[in-house]
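This report describes the overall form of a single chain and then part of its surface. The structure is shown first.

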Amino acid sequence: MVVVMMVMVMVMVVMVVVMVVTEVMVMVAVVVMVVIVVVVVMVMMVVMAMVVMVLMVMMLVVIVVVMMVMVVVMVMIMVLMVLVMMVVVMVVMMVVMVVVMVVVVVVLVMVMMMVVMMVVVVVVMIV
């Protein structure tokens, strides 16, 4: 009976030791898993932050390029506007010159007619 009791106690002690070891191993495994998860999350966060930074830089570059393009387009539009204005001014000048020429010709014709009429009247008077 004493031997049986000793064996039972030994088995109990072994069982308790095994339980404690398994508990410790499970705790260590859980801690390791948590640490791995935390590290992975941290790495992912860092990677995401890097990606976000790169995307922000890309966005800034794109915005700067778009701004440059907008400025170039604005300058081109300004130059085109100036050219159009110059053409319009040229056309207006041409029209004004033509109108002035017509007016001058009309006035000259009127003056010539008046002179002819005067001459005719004077000749008729003399006759």
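What radius of gyration does the chain have, and what would a compact globule of 127 residues have? In this predicted model, the chain has a radius of gyration of 53 Å, whereas a compact globule with that number of residues would come near 14 Å. Along the principal axes, the C-alpha atoms fill a box of roughly 180 × 15 × 5 Å.

The secondary structure consists of one helix and zero strands. Helix H1 covers residues 2–126 and includes Val111.

UniProt, in an unreviewed entry, places the feature "transmembrane region" at residues 7–40, 46–66, 73–96 and 102–126. Two of these spans are set out below.

| Span | Helix | Strand | Distance between end C-alpha atoms |
|---|---|---|---|
| residues 46–66 | 100% | 0% | 29 Å |
| residues 73–96 | 100% | 0% | 33 Å |

Turning to the surface, 0% of the 127 residues count as buried. The chain exposes about 11,900 Å², and carbon and sulfur atoms supply 97% of that area.

A nonpolar patch on the surface is formed by Val87, Val91, Val95, Val99, Val103, Val107, Val111, Val115, Val119, Val123 and Val127. Together these residues have about 930 Å² of accessible area. Why does Val111 count as partly exposed? Its relative accessibility is 44%, and the partly exposed class lies between under 20% for buried and over 50% for exposed, so Val111 falls in that class.

Technical notes: Residues numbered from 1 in each chain as written. Predicted model: local features only at pLDDT ≥ 70, side-chain atom pairs only at ≥ 80, totals over all residues. Heavy atoms only, no water. Patch = residues over 30% accessible without salt bridge, like charges linked within 9 Å, V, L, I, M, F, W, Y side chains within 5 Å. Areas by Shrake-Rupley, 256 points an atom, 1.4 Å probe, with all protein chains shown as cover. Salt bridge = Lys/Arg side-chain N within 4 Å of Asp/Glu carboxyl O. Helix = DSSP H or I, 4+ residues; strand = E, 2+ residues; numbered from the N terminus. Buried < 20%, exposed > 50% of the residue type's maximum accessible area, 1.4 Å probe, protein only. Rg over C-alpha atoms; globule rule 2.2 N^0.38 Å. UniProt positions renumbered as here; feature names shortened; annotations may be inferred.
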